[in-house]
Amino acid sequence: MPLAQPAAPTRPRFSVLGPLTGEADGRPLALGPLKQRLVLAVLLSRANTAVPVDLLTDAVWPEEPPRTARKNLQVYICTLRTLLGRGTGPERLVHTAGGYLLRVAEPELDVLQFRALARAGRAAADSGALAPAARLLRQALDLWQGPPLADLRRSPAVQAEADRLEARCLGVHEDWAETELELGNATAVAEELADLAERHPLRERLQAARMNALHLSGRQAEALAVYDTHRQLLARELGLEPSPALTARYRHLLAHGPARPATTRSAPHAGPSGALLPADTADFTGRSHELCELIDALGEGGERVAILSGPAGIGKTALAVHAGHLLAERFPDGRLLIRLRAEDGAPRPLADVLAELAALTGRSGPRPADPAQAAALWRASLAGRRMLLILDDAPGEAVVRELLPGFGPSATLVTSRSQLAGLASVHRVTVPPFAPAEALDLLGRIVGTGRIGTDRAAAARTVESCGLLPLAVRVAGTRLAVLRHLPLAEYAARLADPAGALDELVAGDVTVRARLDSGWRDLTDQGRLALGRLAALPLSLLFTLPEAAAALGRPERLALRTLEALTDTGAVTSPTGEVTAHAALYALPRLTHLHAREHTTALERV
C-alpha cells in the first residue's frame, strides 16, 4: 500500500489592516527583526507593484542610511524570499527594472480582499442593488483590525503607506454610511460614525453623512450642531467656509425641519451617464508610471484633484483622456473634458466655461449673472455625483479653483503647462518627454515596425531630433506615413538640421511650431527675453547656473529665479535632478531651443 503524500504547505497569508502579521498552515509566521518587517510592510502595501529601492531604503533608514544599506537590504530580501517561498509556482519576490515586486494573490493579503469587496460594493450600489452593496461594504470594513501597520509607523515611509490605507478606509466608511441611509438604517449609521467623525473633523463628506443620519434619527439639534462645529473648525484651522452643498443642506434642515436627506448617492439626475470625452488615442504609448500614479490618485481613497503639468506638446491631454477612459467604473455619473483655452490659446472666461458645463450636464433653468454664484451652483451640483471632470490646458489657478468640487466623490484632473503652485491639497504629476524606447515604439506604430526595422539607427536619430516630444514624434510619424517614398535616413538628416527642423514637423493642419508659439505667448515679456538669451547657448548641451547667469547678464541669485520661473513653464528642464541649485545642470528642450532662436532672430531683424 503506497504511503500517503504529505499535503503541500499552504502559501502564507498576511495582514496589514492592523499590526503586520503573517500566518501559514494555521500558525503565525516569525517575520524577523524590525528592519526586515519594515521592508515587508512596504512591499505588501504596494503588492503586485514594483517598489523602488530608494523607497525601501527610506523606509528602513529614514535619516541617514549606512554605506552598507544596499547590501543589508539584499539580505532582508533574501530572507523574505525564503519566508515567502512556500508552495509551488514562480518566484514571488522578484527584482525588476522598477525595483522589487512582491506577487500576492487576493486571498493571501487582507488589503487586496478589502479593495475587491469595496469595488464590488460600489458597483452594486451604482446599479441600484443597495442591500447587497451595504453587505459587501460592511464585509470590507470588517477586515480592519485597527490602525494599519500600527507597530511600524515610526518609519515615515511606512506612515505614508498607512495614511493611504486609512484614507481608503474612510472612503468605504462613507460609501457604506450613504448606502445604509438610503436603506433607512439611520440609527445604525449615526452610532457607527460618532467616533469616526470626531477623529476626522475636517472630512466634509463624513460630517455630511453623520448630519443626515442624526437628522433622520430624530436628533435634529445634534444634526445642526454637527454643521456648526464643522463650520467653526474650518474657519479656525483653514480660513474656509463649508461647501455650498453642505450649507444648503443645513439651511434646509433649519427652515423646513425633517425631510428626505440629501445623501451623497442621490437619486437619478439629468446629466451624462457615460463619457463626454474625446476618443481615446488608438496607439497610446508608454506613460505606464504616470498612468498608474493617476489611477491610484483618482481611484478609491485617493485625492480628488490631480494636476498633469508639462510643456506644450508633451502629451498631457492624451494621457488625461486615456486615464479618463480607464476610470469609467469609478465615475459612473459621467466623465467630461472642458477646454479652458480658446482656439487661439487665449484663456476662456469663467462664465463661458460654466455655461458649457451646464449644457453638458443637463442643468436647466436660469443661471446667476455673477460667475462666482454660478460657480457655487456648479460645485453644489457635483455633491451627489461620481463624476470625473478634466480641465484641459489650464492657463492659471483662478478658473480651476472655481470649478473644483467642494466635497463628495467627484474628482478633477487638470492639465496645465505650469504646476499651478497656488492650488493646495492636490496630487501633482509632471509629464516628462518620452524615453527613447517609447518614442521609437510610437513611431513604429504610426509608420509600421517593418519600415522602422529597415533603418533603426535613422529612426532613433529621428526621435532624438524631435526632442523625444510626443507631439513631434507623432507629427514626424504621420509625415513619414504619408511620404512613403521618403527614406528614413533622409528625413532624419532634415530634422537634424537646426535651420529646417521645425519646418519638417508639419502634418496637415497640425504643426509643432504652432504649439510652441502658444507656449511662447504664455511667457511674460521678461520670460521671453530670458529664454531668447538662453537660446544663444550651444544647442542640446546642458548648462550650469553660472553659464546661465552669464548668458542672461544677471547675478546668479537673480538668474536662479529666472530659471525656476522658466522651469515651471516647461521651457527649461533640469534633467540631472541634483538637490542643490548650484550643482544642478539645466537644459533647453531641443525644439524649444530652436523655436526661441527663431523668435530672437526675428526680433533682431526688426
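**Strands and helices, question by question**

Reader: Which strand does strand 1 pair with over three bridges, and in what sense?
Author: Keep in mind that this is a predicted model. Over three bridges, strand 1 pairs up with residues 21-24. That stretch is strand 2, and the sense of the pairing is antiparallel.

Reader: Which residue in strand 2 stands opposite R13?
Author: Strands in a sheet pair through backbone hydrogen bonds, either parallel or antiparallel. Here strand 1 and strand 2 take the antiparallel option. Look across from R13 into strand 2 and you land on E23.

Reader: How many residues sit between strand 1 and strand 2 in their hairpin, and what is the phi of G18?
Author: The hairpin of strand 1 and strand 2 has five residues between the strands. G18 is in that turn, and its phi is positive, at about 140°.

Reader: Along strand 2, which side chains are buried?
Author: The side chains alternate along this strand, so to speak taking turns between two faces. T21 and E23 point to one face and are not buried. Pointing to the other face, and buried, are G22 and A24.

Reader: In strand 3, what is the bridge partner of A24?
Author: Strand 2 and strand 3 run antiparallel and are joined by two bridges. Their hairpin has two residues between the strands, and D25 there takes a positive phi near 55°. As for A24, its bridge partner in strand 3 is R27.

Reader: Which are the edge strands of the open sheet of three strands?
Author: The order in this open sheet is 1-2-3, with antiparallel pairing. An edge strand pairs on one side only, and that fits residues 13-15 and residues 27-28. Those are strand 1 and strand 3.

Reader: What stands opposite T96 in strand 5?
Author: Strand 4 (residues 93-96) and strand 5 (residues 99-102) pair in the antiparallel sense over four bridges. They form a hairpin with two residues between them. Opposite T96 stands G99.

Reader: At what angle do the axes of helix 7 and helix 8 cross, and is helix 7 parallel or oblique to helix 8?
Author: The axes of helix 7 (residues 186-199) and helix 8 (residues 204-216) come within 8 Å and cross at roughly 140°. Only angles over 145 would count as roughly antiparallel. That crossing angle therefore makes helix 7, relative to helix 8, oblique.

Reader: How do the residues of the contact of helix 7 with helix 8 divide?
Author: Helix 7 contributes residues including V189 and L193, and helix 8 contributes residues including Q207 and R210. Sorted by type, the contact residues come out as twelve nonpolar, one polar and one charged.

Conventions
Residues are numbered from 1 along each chain as its sequence is written. This is a predicted model: local features need pLDDT of at least 70, side-chain atom pairs count only at pLDDT 80 or more; totals for chains, interfaces and linings use all residues. Side-chain values use heavy atoms; hydrogens and water are left out. Axes are lines fitted to C-alpha atoms, for helices over the stretch in contact, and angles run from 0 to 180 degrees between N-to-C directions. Angles under 35 degrees count as roughly parallel, over 145 as roughly antiparallel, 65 to 115 as roughly perpendicular and the rest as oblique. Contact means heavy atoms within 4.5 Å. Ala, Val, Leu, Ile, Met, Phe, Trp, Tyr, Cys and Pro count as nonpolar, Asp, Glu, Lys and Arg as charged, and the others, Gly among them, as polar. Two strands pair if DSSP finds at least two bridges between them. Buried means under 20% relative accessible area, exposed over 50%, partly exposed in between (1.4 Å probe, protein chains only).
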